[in-house]
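Please look at the sequence and the structure below, and then follow the explanation, which moves from one helix to the next and takes the side chains in small groups.

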Amino acid sequence: MAWDEWEQLKNQAADKQSARMQLNQLPADGGGGSTPQGDLTVDQKDLAAIGDRAFKLWEDLGRYGRDAWSSSQTAASDLKTQGFTLGGALDRVQTRWEEQLTSLLDACAHISNHMDFTKKAHQGDEYYIGGQISSISTLDKGFDGGKGH
């Protein structure tokens, strides 16, 4: 009886595992939405919005993050001058805050700049592709006109 129960538990576990794996992938028919598989759509408005939000975050962090840094630096200095051990600890926290704030500011600037670059690069690609397609249609018209000769 114990062996039958063991086999049943193994089968239940296998059923749960296969169902979980199926949820983590697209069906074999490639369904899952109206967009064909493999297409990547870039919307200039979305790129601009991401870049703008990253820039706004960079501005706000620079303004308010530096204010917090300045206040804690002053407090640390005052506490150390008065002989409190807490001043040294606050000074270490303030130094770490500055390192993290700088890292976050750099990341926001990188995202903002990258979105601006990507937007311009895709715009250039669109002009190039449009020009190529336009020249192909012109070529096609030339071939169509010569059918009767």
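**Helices, contacts and a surface patch**

S72 is found in helix α2, which covers residues 44-81. The model is a predicted one, and the values given here should be read with that in mind. With a relative accessibility of 18%, S72 counts as buried, because the limit for that class is under 20%. When its neighbours within four places in sequence are left aside, S72 is in contact with L90 and Q94.

Helix α3 spans residues 85-145, and M115 lies in it. M115 has a relative accessibility of 13% and therefore counts as buried, the class that takes in values under 20%. Not counting residues up to four places away in sequence, M115 touches L47, I50 and G51. For one of these residues, I50, a backbone distance can be added: the C-alpha atoms of M115 and I50 are separated by 7.0 Å, although the two residues are 65 residues apart along the chain.

K119 also has its place in helix α3. At 28% relative accessibility, K119 counts as partly exposed, because this value falls between the limits of 20% and 50%. The residues that K119 touches, again not counting those up to four places away in sequence, are Q44, L47 and A48. The C-alpha atoms of K119 and L47 are separated by 6.3 Å, with their positions 72 residues apart along the chain. L47 is thus named among the contacts of M115 and among those of K119.

Within helix α2 there is also an aromatic arrangement to consider. The count of aromatic pairs comes to one. This pair is formed by F55 and W58 and is stacked, with 5.7 Å from centre to centre and 25° between the planes; the angle counts as stacked because it is under 30 degrees. Both residues of the pair, F55 and W58, lie in helix α2, where they are three residues apart, or about one turn of the helix. F55 is partly exposed, with a relative accessible area of 39%, and W58 is likewise partly exposed, with a relative accessible area of 35%.

The last stop is a patch on the surface. W3, W6 and L9 make a nonpolar surface patch of about 390 Å². One of these residues, W6, lies in helix α1, which runs over residues 2-23. At 46% relative accessibility, W6 counts as partly exposed, because exposed residues have values over 50%.

Key. Residues numbered from 1 in each chain as written. Predicted model: local features only at pLDDT ≥ 70, side-chain atom pairs only at ≥ 80, totals over all residues. Heavy atoms only, no water. Helix = DSSP H or I, 4+ residues; strand = E, 2+ residues; numbered from the N terminus. Buried < 20%, exposed > 50% of the residue type's maximum accessible area, 1.4 Å probe, protein only. Contact = heavy atoms within 4.5 Å. Patch = residues over 30% accessible without salt bridge, like charges linked within 9 Å, V, L, I, M, F, W, Y side chains within 5 Å. Areas by Shrake-Rupley, 256 points an atom, 1.4 Å probe, with all protein chains shown as cover. Salt bridge = Lys/Arg side-chain N within 4 Å of Asp/Glu carboxyl O. Phe/Tyr/Trp six-rings, centres within 6.5 Å; stacked < 30°, edge-to-face > 60°.
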